[in-house]
Amino acid sequence: MLWIFIAAAVCAGDLLVKHYIDTHKEENCYEPVVGGHIIITRFHNPGAMLGWMKDKPKMLMGVTILGIGVLAGGLMGSLYKKKSVLIRLGLALLLGGAASNAYDQIMKKEVTDYLRINIGDMAIFIGGILTAIGEIKESF
């Protein structure tokens, strides 16, 4: 149950931040914070990461829904098979970030990116790395 909560918290947190950015920041704003290491911005991406599949929204939606199903199934399977904490955390972060971005795609037909280091994208990135490290650790 903890892992589903983590995924839901990542999704909800990301959606709340996106809502704040959409209602309080100008499109393409550029606000450096944390000594310029993080840039607050507001950009709407109609595709996946780096604009991938922006010209194929129906295919993107299918891939997105399939991906969320695979991640949710993987997370549930990791509970049954007693996989490592790294794998479970990685899958929970991946699922939360993917669900948030899928919600944006479904409701707005685009994803709000708000930081040069976006929570949803970072959750997907970190989740993927943790999952891979966990799988490698379990293999040895």
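Biologist: Let's start with one residue: does N28 count as buried or exposed?
Modeller: Keep in mind that this is a predicted model. N28 lies in the loop between helix 1 and strand 1. The cut-off for exposed is over 50% relative accessible area. N28 has 53% relative accessibility, so it counts as exposed.

Biologist: What is the phi of N28?
Modeller: Most residues other than glycine have a negative phi. N28 is not a glycine, yet its phi is positive, at about 60°.

Biologist: Where does K109 lie, and what is its phi?
Modeller: K109 lies in the loop between helix 3 and strand 3. K109 is exposed, because its relative accessible area is 59% and the cut-off is over 50%. K109 is a residue other than glycine with a positive phi, near 65°.

Biologist: Now to H37: is this residue buried or exposed?
Modeller: You will find H37 in the loop between strand 1 (30–33) and strand 2. Exposed means over 50% relative accessible area. With 64% relative accessibility, H37 therefore counts as exposed.

Biologist: How far apart in space are H37 and R116?
Modeller: Along the sequence, H37 and R116 are 79 residues apart. In space, C-alpha to C-alpha, the separation of H37 and R116 is 8.8 Å.

Biologist: And what separates the C-alpha atoms of Y103 and E27?
Modeller: Y103 lies in helix 3. Y103 counts as partly exposed because its relative accessibility is 43%, between the cut-offs of 20% and 50%. Y103 and E27 are 76 residues apart along the chain, and their C-alpha atoms are separated by 20 Å.

Biologist: Let's turn to the helices: at what angle do helix 1 and helix 3 pack?
Modeller: Helix 1 covers residues 2–24, and its axis is 8 Å apart from that of helix 3. Helix 1 passes helix 3 in a right-handed crossing. In the contact of helix 1 with helix 3 there are 13 nonpolar, four polar and six charged residues. The packing angle is about 40°.

Biologist: Which helix gives the most to the largest nonpolar core?
Modeller: This core has 15 residues, of which L71, L91 and L93 touch the most other members. At least two residues come from each of helix 1, helix 2, helix 3 and helix 4. With seven residues, the one that gives the most is helix 3.

Biologist: What is the volume of the largest pocket?
Modeller: Rolling a probe the size of a water molecule over the atoms shows where empty space is left. For the largest pocket, the volume is about 830 Å³.

Biologist: Which residues that line the largest pocket are the closest to its centre?
Modeller: The lining has 30 residues. They divide into 18 nonpolar, nine polar and three charged. The closest to the centre are A48, M49, N101, D121 and I124.

Biologist: Which element gives the most to the lining of the largest pocket?
Modeller: Several elements share the work, each with at least two residues: strand 2 (38–45), helix 2 (57–80), helix 3 (85–108), strand 3 (111–115) and helix 4 (119–139). With six residues in the lining, the element that gives the most is helix 2.

Terms used: Residues are numbered from 1 along each chain as its sequence is written. This is a predicted model: local features need pLDDT of at least 70, side-chain atom pairs count only at pLDDT 80 or more; totals for chains, interfaces and linings use all residues. Side-chain values use heavy atoms; hydrogens and water are left out. On a 1 Å grid over the protein atoms alone, a cavity is a set of points where a 1.4 Å probe fits but cannot get out, and a pocket is an open set with protein on both sides within 12 Å along at least five of seven lines; lining residues have an atom within 4 Å of a point. Grid points are joined across faces, edges and corners, and a volume is the space filled by probe spheres set on the points. Helices (H or I, at least four residues) and strands (E, at least two) are DSSP runs, numbered from the N terminus. Ala, Val, Leu, Ile, Met, Phe, Trp, Tyr, Cys and Pro count as nonpolar, Asp, Glu, Lys and Arg as charged, and the others, Gly among them, as polar. Axes are lines fitted to C-alpha atoms, for helices over the stretch in contact, and angles run from 0 to 180 degrees between N-to-C directions. A crossing is left-handed if the near helix is turned anticlockwise from the far one by less than a right angle, and right-handed if clockwise. A nonpolar core is a set of buried Ala, Val, Leu, Ile, Met, Phe, Trp, Tyr and Cys residues joined through side-chain atoms within 4.5 Å. Buried means under 20% relative accessible area, exposed over 50%, partly exposed in between (1.4 Å probe, protein chains only).
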